[in-house]
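Here are my notes on the model you sent round. Have it open while you read, as I jump about a bit.

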Amino acid sequence: MTEFDALKRKALERCFKDLNPMQRKAVFKTHGCLLILAGAGSGKTTVLINRIANMIFFGDAYEYEDDRTLSAEDEAFLKAFAEGADTDIQRLAGLVAHAAVEPWNVLAITFTNKAANELKDRLSKMLGDRGAAVKAATFHSACARILRAECPNLGYKPGFTIYDTDDCLRIIKSSLKELDISDKIFPPKLIMAVISAQKNAMVSAEEYFEQNKNDIREREIARVYKMYDTRLKESNAMDFDDLLVNTVRLFRDFPDVLDHYQNLYKYILVDEYQDTNTVQFKLIEMLSRKYGNLCVVGDDDQSIYRFRGATIRNILDFEETFGCDPETDVIKLEQNYRSTQNILTAANKLIEHNVGRKGKNLWTDRGDGETVTEYQAFNERSEAKYIAKTIKESVEAGHDYRQHAILYRMNAQSNVIEQTFIREGIPYIIFGGQKFYDRKEIKDVIAYLQVINNPSDILRLRRIINEPKRGIGESTVQAVEEIANQLGEDPLSVLRECQSYAPIAKKAKSLMAVSEIFDKLTALSKKLLPSELLDETLVITGYSDMLNAHGEEGRMRLDNIAELKSTMLNYEKNSDEPSLEGFLEEIALYTDIDKYDPSADYVAMMTIHSAKGLEFDYVFVPGMEENVFPSSRSSDTPEELEEERRLAYVAMTRAKRRLWLLHSSARMLYGRTTANRPSRFLAELPDEQINHIKEEPPAGFTPVRRPQKPDYSREADTVLERRRNSLAQTGSNATYSPGEVVIHPNPKFGRGTILKVEPMGGDTMLEIAFESCGTKKIMSNFVRLKKV
């Protein structure tokens, strides 16, 4: 190593002196592939920001071997900088930089708007204008931006609408009705989940039909899937999954477009890589393929979105997939800056029980701190009272409500805690309750704006064509849609010419009035800011007059619309080129947790999934019981149980100072009181770090009997065998085929159609769609079904 290289490295290490050695190692590796295994609270955002700063300021200067000879002046400067006597970073960059990266060639992908905004803010503070030029975005917003420019290649117009969950359910329900498929046998939410899973696996409606054409149940879902996609396309709309799938399709079918974005984004960084699914992986792989500069940051121990299609294999197989050297291209960040050692030791011991992991051991220099409290209450109400009492004592001791959080496995657990907080006067907010953008008045106003932006959006037009009342019936709207589809015109064009179409001519006066409203608003949208257009929309449509006529409730709804205007003003302030299309895109990708304000003084209540990436001084995790946490569904496979354990690990590592793990002897959930055993996860914690507290039940309390394990004794086997033999003698071991209609002897079930037949252990499992109670799974040898 030359003297210049040695001085250069010392100066660069001084420049990033606030980082620990492993963080600096990650920052200085700028080219090729890199996996950063970042444990909870290990400062991964700081590493990402400093890595980008190093790439832009210095390039690969730290690793590049430079044989230049220094002038005496430059040598003195480097020595002074390395010793901290000089801090002129611009001069340092001018002297040592090599292959520095242009900021617009960097794409940093995160999973939440909150994380993307934090990345943008910190980069701008550190790098100024160059930091603002870095593209930091979520997967969905990055894809939406690409599709706005390139979607005509796929047959869309640039002003396409992004449909939310409620919009998608409306389309599925109307598709079921049009196809004459029962929504009891095929619940819309179930179909939506299937469609989402198939899209994330890159399986089209046609491919799904071909794969399942011999399965009556899946074949019906495929029909709905196909019509759903057709309706989206007719409305010039995409759902959230389409944003990703269509971008991959675009890159696959148009190599020149892919090449453009590969040249634009030569350096790609991906946060929360452990939560990527198949289509996200494919997107990253395609974009990074040309230059190979891919840095992913993640923690296999925090992979908790399997139910959304995320696959932990993406991070576990990273080295093999991208041809990395495990010795030089994998860096572990294990020093924790958030929690005390007792919390970390407990979390480390818990996660060690998982097999599918790379292995890390978090540590901190913040001291041992308090032990973790395991509290056993005698029911869910006393559990809630204990939480409230502990929080009030903490606040009386000088702490703030905002330092406390309740993290639960399922939303149903929040009710009793909320009731207790109300009685005790504890301020709180529940994340995951009714979302601001789900309020009727907000959805109505946004629907108006969406139709102005995208005249093909028939779904949103349907929503507000009679808001306020205009005397336009459902049959008329249906006729408008059919005419628009037949002619290939947008619905607003049909409204303008409604007198020319016999099916809707009788309603010409009302329909033309609607078209005139949108013509005025569309013209105004060309010259007004979104917030100004909102004001005009409320007046011209008569929507504000309608709400004012509804008294106090109407005024409250207008207050909510005023809050929407505040959001618009904030968007306009922070956007270089504010537009209606840009605002609608931003709010379409908004998530509930984005409104979390750490400065507001209230206790935060949320599911553990929502708490990912957050931290609190004092954390309570109620419901640490079998069938609650881990959930009853997690016992199906080892993979699901390991995901539940990762979820518990995430919950524990949100805590900075104190952690309470609570469970009850009896718990009422969904109207039933049960006595679940303490969670197996509690037994996996180290006793040295746990303080056990057990609440004594009140006098006269009768405990609910704990559920017993099934009896698998020889006697039980004999009884089952006798039952099988008895049924076999009566002929109930008949053969069945999909599509056959049968009648169940129990009137509660009645008549049904067999969807699926699956041989299973000397018996046959039948999946039957009953007309009265939906789809059920039944073993054929245990019921006498009558064929019709």
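The points below go through confidence, domains, the sheet, the cysteines and a few backbone oddities.

1. Confidence first. This is a predicted model, and its chain averages a pLDDT of 88, with 93% of the residues scoring at least 70. Confidence peaks in E13, at 98, and is lowest in helix H32 (residues 714-729), where the mean is 43. Over residues 707-732 the pLDDT stays under 50, and the model has 16 contacts beyond four places in sequence for that stretch. I'd leave that region out of any discussion of detail.

2. Domains. The assignment splits the chain into five entries: domain 1 (3-147 + 247-335), domain 2 (161-235), domain 3 (346-431 + 596-694), domain 4 (436-592) and domain 5 (740-787). Note that domain 1 is written as two segments, 3-147 and 247-335, and that domain 3 is too, as 346-431 and 596-694. Between the centres of domain 1 and domain 5, taken over C-alpha atoms, there are 56 Å.

3. The sheet. What is the strand order in the open sheet of 6 strands? Reading across, you get E3-E2-E6-E7-E1-E8, with parallel pairing. Strand E3 (135-138) and strand E8 (330-333) are the edges, each pairing on one side only. On average, neighbouring strands are turned by 15° against each other, ignoring direction.

4. The E2-E3 end, and the helices on the sheet. Strand E2 (residues 106-110) runs parallel to E3, and 4 bridges join the two. In this pairing, Ile109 of the one strand stands opposite Ala137 in E3. Helix H6 (residues 113-127) packs on the sheet here, touching both E2 and E3, and its direction makes about 170° with that of E3. Helix H15 (residues 278-288) packs on the sheet as well: its contacts are E2, strand E6 (267-270) and strand E7 (294-298), and its direction makes about 160° with that of E6.

5. The disulfide. How many disulfides does a search of the whole structure find? The count is 1, formed by Cys33 and Cys324, with their sulfur atoms 2.0 Å apart. Cys33 sits in the loop between helix H2 (21-28) and strand E1 (34-38), and Cys324 in the loop between helix H17 (318-322) and E8, so the bond ties together parts 291 residues apart in sequence. Both Cys33 and Cys324 are buried.

6. Two cysteines outside that pair. Why is Cys151 not bonded to Cys143? Cys143 holds the closest cysteine sulfur, but it is 13 Å from the sulfur of Cys151, which is too far for a bond. Cys168 also has its closest cysteine sulfur in Cys143, at 16 Å, again too far for a bond. Are these two cysteines buried or exposed? Cys151 has 0% relative accessibility and counts as buried; Cys168, at 5%, counts as buried too.

7. Cis peptides. Most peptide bonds are trans, which makes the next two worth a look. The bond from Glu467 to Pro468 is cis, with omega near 5°, and Pro468 lies in the loop between helix H22 (458-464) and helix H23 (474-487). The bond from Phe629 to Pro630 is cis as well, omega being near 10°. Pro630 has its place in the loop between strand E13 (616-621) and helix H30 (638-652).

8. Positive phi. Asp180 has a phi near 60°, a positive value in a residue other than glycine. You'll find Asp180 in the loop between helix H9 (165-178) and helix H10 (188-200), and it is exposed, with a relative accessible area of 72%. Asn236 is not a glycine either, yet its phi is positive at about 50°. Asn236 belongs to the loop between helix H12 (216-234) and strand E5 (237-238) and, with a relative accessible area of 4%, is buried.

9. One more loop residue. Asn411 lies between strand E10 (404-408) and helix H20 (414-424), in the loop there. Its relative accessible area is 42%, so Asn411 is partly exposed. From Asn411 to Leu19 is 392 residues along the sequence and 39 Å in space, C-alpha to C-alpha.

Terms used
Residues numbered from 1 in each chain as written. Predicted model: local features only at pLDDT ≥ 70, side-chain atom pairs only at ≥ 80, totals over all residues. Heavy atoms only, no water. Pairing = 2+ DSSP bridges. Axes fitted to C-alpha atoms, helices over the stretch in contact; angles between N-to-C directions. Contact = heavy atoms within 4.5 Å. Disulfide = S-S within 2.5 Å. Buried < 20%, exposed > 50% of the residue type's maximum accessible area, 1.4 Å probe, protein only. pLDDT = per-residue confidence, 0-100. Domains from an automatic or database assignment.
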